[in-house]
Amino acid sequence: MPSDDLNTLRNDALPKIGAAPDTEALEDIRIALLGKSGAVTQAMKALGGLEPEARKARGAELNVLKTALTEALAARRATLESAGLTARLAAQRIDISAPPRPEPPGAIHPISRTLDEIAAIFGAQGFAVKEGPDIEDDWTAFGALNIPVHHPARAMMDTFYLNAAFGNRRALLRPHTSSVQTRTMVEWARLRATMSETPPIRIIVPGRTYRSDHDATHSPMFHQCEGLVIAKDITLGHLKGCLIDFLRAYFDAPALPVRFRASYFPFTEPSMEVDIGWNRKTGEIGKGGDWLEILGSGMVHANVLANCGIDPREFQGFAFGMGIERITMLKYGIADLRLFYESDVRWLRHYGFSALAPAMLHEGFER
Ligand code: 2NL
């Protein structure tokens, strides 16, 4: 049975704690009981003046009392705090019936639009889109492509080399997306060794490329799209049909004149530039007696196939490459390449495309 004074203290304190109207009042009660000069604290200090036997008994009583008060204080605090939160939530309710402020719709960048259109057109021809790293090694970007170490093409491409290496291969920023085709062929040749049947390679490779070059028509970062088809029976006829269809769909000109002109690339043999008909004076595409170079293409060089582990006596194929900025500028009459990368929202509003009208050219170009 606790001493009378402690009983009184308890019977007085507990209802007060339970009735504390807010956390400030509760804190005042806590200080009055358990603070430095609080009632319980004082009673604890007074223990020192008692006989050992009495001190032990009263000490135990005080501990029980202190625990009871501490628990009551915590319980009341929790109640007050949760009530406070409920009150705040009620007071700060958001009126979701208010009309939203209008947000200006974004626009698809012309480069993204061209990449979407290319994927849609080649997608309809059965091509898959492949991507790969922007940081490459010099074997994957040059060596495998029949461009030997001292070939002028390596210097020609003004490659950005990095102070890094992958084993004994130098790291660089890829100057074209062909390296992704190299990776695809190497992977495909490995897979083929484990399977009785392998589907043909039929890919396009859009992506960022880098060269140390900067003026109105060149940017150190730009975009290319290359394509690659490898199978047992692929001919130059497939190359021509594929690219003629692509160009007529992309420029939305069913009768677009297309010319294949002999050229040279180290990675293809034979190699061809692909020109389209246009009017040099008016810039109009599809009419007029002038030719405009659009693409590079050719049959994949036997050395390239062999470098990637593919037997050139069993397989052959074609490849092509084009500059995305260039064909975008031609199609939409954009004069300065540098504006592509300035992120000027006024330019983007003018030249951008609605995200609600995506490129879906596989729906048909027949007219
Ligand atoms: C151009 C010309 C071309 C290729 C790219 C290629 C890739 C492999 C094998 C063979 Cl892995 N060829 N790519 C072929 C011919 C032309 O690009 O004017 N690009 C902007």
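This passage walks through the ligand site, the pocket around it and two unusual spots in the backbone of a predicted model.

A good place to start is the ligand itself. It is surrounded by 15 residues, and the closest of these are Leu 145, Gln 181, Glu 226, Gly 296 and Ala 319. Glu 226 also turns up in a polar pairing: a polar side-chain atom of this residue lies 2.9 Å from a nitrogen atom of the ligand. A backbone N or O atom of Gly 321, in turn, sits 3.5 Å from a nitrogen atom of the ligand. On its own the ligand has 490 Å² of accessible area, and the protein covers 89% of that.

As for where the shell comes from, at least two of its residues are supplied by each of α8 (178-192), β6 (221-231), β9 (290-300) and β10 (316-323). Strand β10 gives the most, with 4 residues. In terms of character, the shell around the ligand splits evenly between 7 nonpolar and 7 polar residues, with 1 charged residue besides.

Next comes the space that holds the ligand. Rolling a probe the size of a water molecule over the atoms shows where empty space is left. Here, the space taken by the ligand turns out to be the largest pocket. Its volume comes to about 1300 Å³. The lining runs to 49 residues, and those closest to the centre of the pocket are Arg 211, Gln 224, Gly 321, Met 322 and Gly 323. Two or more lining residues come from each of α7 (152-156), α8, β6, β7 (258-265), β8 (268-278), β9, β10 and α11 (324-332). While β10 gives the most to the shell around the ligand, the largest share of the pocket lining comes from β9, with 7 residues. Sorted by type, the lining holds 25 nonpolar, 16 polar and 8 charged residues.

Finally, the backbone has a couple of spots to look at. Most residues other than glycine have a negative phi, and most peptide bonds are trans. Glu 269 and Pro 270, however, are joined by a cis peptide bond, with omega at about 0°. Pro 270 belongs to strand β8, one of the elements that give two or more residues to the lining of the largest pocket. The other spot is Asn 146, which is not a glycine yet has a positive phi of about 70°. Asn 146 is found in the loop between α6 (138-141) and α7.

Definitions and conventions. Residues are numbered from 1 along each chain as its sequence is written. This is a predicted model: local features need pLDDT of at least 70, side-chain atom pairs count only at pLDDT 80 or more; totals for chains, interfaces and linings use all residues. Side-chain values use heavy atoms; hydrogens and water are left out. A residue is near a molecule or strand if one of its heavy atoms lies within 4 Å of it. A polar contact is a pair of N or O atoms within 3.5 Å; within protein, one must be able to donate a hydrogen and the other to accept it, and residues adjacent in sequence count only if both atoms are side-chain atoms. Accessible areas come from the Shrake-Rupley method with a 1.4 Å probe; for residues, only the protein chains shown count as cover. On a 1 Å grid over the protein atoms alone, a cavity is a set of points where a 1.4 Å probe fits but cannot get out, and a pocket is an open set with protein on both sides within 12 Å along at least five of seven lines; lining residues have an atom within 4 Å of a point. A molecule sits in a cavity or pocket if more than half of its atoms lie within 2 Å of its grid points. Ala, Val, Leu, Ile, Met, Phe, Trp, Tyr, Cys and Pro count as nonpolar, Asp, Glu, Lys and Arg as charged, and the others, Gly among them, as polar. Grid points are joined across faces, edges and corners, and a volume is the space filled by probe spheres set on the points.
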